[in-house]
Amino acid sequence: MNAISPIPMRYRTHDTIYPRGWYCIAESEDVAADKMLPVSWLGQQLIIYRTKDGAAQAADAYCPHLGAHLASHDGKLCDGRITCPFHKWEFDSATGKVEHIPYTDVPVPASVRLTLHPTRETDGMVLIWHDPAGGKPSFEPFDSSGLRGDDKWVRYAVKSWETRCPFRDMLENIFDTAHITQLHNAAALPDITNYEPRDYGLRLQYVTDPDAGEETPISSFEMNLSALSLLTQIYHGVHFTALFVISFTPIDEERMVETARLYLKDNGNAEAMEQIGKAFVERFVFEVEQDLKVLDYKKHLTQPRLCAGDGPIMKFRSYAAQYYD
Ligand code: FES
Ligand SMILES: [Fe+2]
């Protein structure tokens with residue numbers, strides 16, 4: 001049993017904001033037509049729905065009239081209109097504009113409207129833009145469709161974890177190469193052969209030795225980071241191709257959720273794919289859960305005492321800093 005009692009995040013990090021970026025707030029398949037999905041992320045209450053043309057859209061959950069939660073009681077979305085449960089104001093779901101107030105003909109100013117958030121739908125996720133300074137989207141999230149090509153893929157597994165890790169330290173973990181061998185007892189990560197800043201964030205490429213005696217030999221893999229909130233990993237194995245789409249979203253200042261989705265390229269051999277999928281999931285789940293035993297309690301040190309062999313942690317930190325300014 002672990003006897004450490006969690007202390008508030010403010011004692012473990014100086015970060016007081018959520019960094020700029022695109023955050024996953026729902027799986028695409030959970031957002032249906034004519035239905036508002038209430039969610040709570042980034043310390044906010046939001047509703048997600050589809051507009052008349054099918055586009056996913058996120059909005060503040062609170063009605064600008066008197067603050068009712070739009071998805072409470074009998075609040076509804078029908079035919080592109082959201083009706084508030086309290087005084088039945090109606091809003092256009094695509095623009096947020098007030099369309100109808102049942103008890104007056106005097107129009108309200110155009111500034112009275114639902115607060116819509118810039119929303120994207122990428123890789124089976126619904127994403128919203130967040131900028132602590134209130135700015136418009138300054139880049140688009142990475143989209144793996146280029147990597148997937150025209151091939152058929154199978155969504156093999158999805159898994160989520162809630163953690164109390166300081167937000168930026170979740171991704172930093174990937175650059176902390178010493179913990180791979182020391183905490184996970186795994187083979188050392190291969191060297192990064194390409195470290196490329198991109199509009200959306202960062203592209204990293206690795207070349208591995210497929211003859212290293214691994215059970216599922218991998219010849220190369222690539223990671224793409226969208227700011228600090230999305231991570232895509234594609235593995236080219238000798239007999240398979242696997243893709244992880246991972247999101248990191250704060251619930252509030254204390255907690256965040258990591259969700260990992262594993263896709264496998266359909267090679268027509270269901271038995272082999274099951275074997276590969278199982279091996280990937282087992283390894284991934286094992287490593288995440290081992291990480292969280294430490295990360296849930298760690299502190300973000302602004303001046304860690306690093307030594308030779310610690311991996312490009314400070315390189316990651318200078319990348320991360322651009323999203324906090
Ligand atoms: S609070 Fe929504 S219509 Fe009044
Ligand atoms: Fe790890």
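This report walks through a predicted model, from its domains to its iron site.

## Ground rules

In this predicted model, local features need pLDDT of at least 70 and side-chain atom pairs count only at pLDDT 80 or more, while totals for chains, interfaces and linings use all residues. Residues are numbered from 1 along each chain as its sequence is written, chains are lettered from A and ligands numbered from 1 in the order in which they are written, and side-chain values use heavy atoms, with hydrogens and water left out.

## Two domains

The domain assignment splits the protein into domain 1 (23–130) and domain 2 (145–321); such bounds come from an automatic or database assignment. Taken over C-alpha atoms, the domain centres sit 34 Å apart. Across the boundary, 12 residues of domain 1 are in contact with 18 residues of domain 2, where contact means heavy atoms within 4.5 Å.

## The nonpolar cores

A nonpolar core here is a set of buried Ala, Val, Leu, Ile, Met, Phe, Trp, Tyr and Cys residues joined through side-chain atoms within 4.5 Å. Buried means under 20% relative accessible area, exposed is over 50%, and partly exposed is in between (1.4 Å probe, protein chains only). The largest core has 70 residues, and Leu 225, Leu 228 and Phe 280 have the most contacts inside it. Helix α4 (residues 270–295) gives this core its largest share, 8 residues. Helices (H or I, at least four residues) and strands (E, at least two) are DSSP runs, numbered from the N terminus. Both domain 1 and domain 2 supply at least three residues each to this core.

Leaving aside neighbours within four places in sequence, Leu 228 touches a list of residues including Pro 19, Phe 167, Phe 248 and Tyr 324. There's also a second, separate core of 16 residues, with Met 36, Tyr 49, Cys 63 and Leu 114 among them.

## A four-stranded sheet

An open sheet of 4 strands runs in the order β5-β6-β7-β8, with antiparallel pairing; two strands pair if DSSP finds at least two bridges between them. β5 (76–78) and β8 (98–100) are the edge strands with a single partner each, so one side of each has no neighbour in the sheet. In the sheet, β6 (residues 81–83) and β7 (residues 90–92) pair over 3 bridges, and Thr 83 has Glu 90 in β7 as its bridge partner.

## His 130 and Phe 139

His 130 is found in strand β11 and is buried, with a relative accessible area of 14%. Its C-alpha atom is 6.3 Å from that of Trp 22, although the two are 108 residues apart along the chain.

Phe 139 belongs to the loop between β11 (125–130) and α1 (145–148). At 7% relative accessibility, Phe 139 is buried too. Not counting residues up to four places away in sequence, Phe 139 touches residues including Arg 20, Trp 22, Trp 129 and Tyr 323. Another one of its contacts is Ala 227, 88 residues away along the chain, with 9.4 Å between the C-alpha atoms.

## The iron site

The iron ion (ligand 2) takes its protein donors from Asn 173 (OD1), His 179 (NE2), His 184 (NE2) and Asp 291 (OD, listed twice), at 2.2 to 2.8 Å. Donors are N, O and S atoms within 2.8 Å of the metal (3.2 Å for Na, K and Ca); water is not among the atoms, so sites may look incomplete. Along the chain, the donors follow the spacing N-x5-H-x4-H-x106-D. Asn 173 lies in helix α2 (residues 167–175) and Asp 291 in helix α4, so the pair ties together parts 118 residues apart in sequence. Asn 173 and Asp 291 are both buried.
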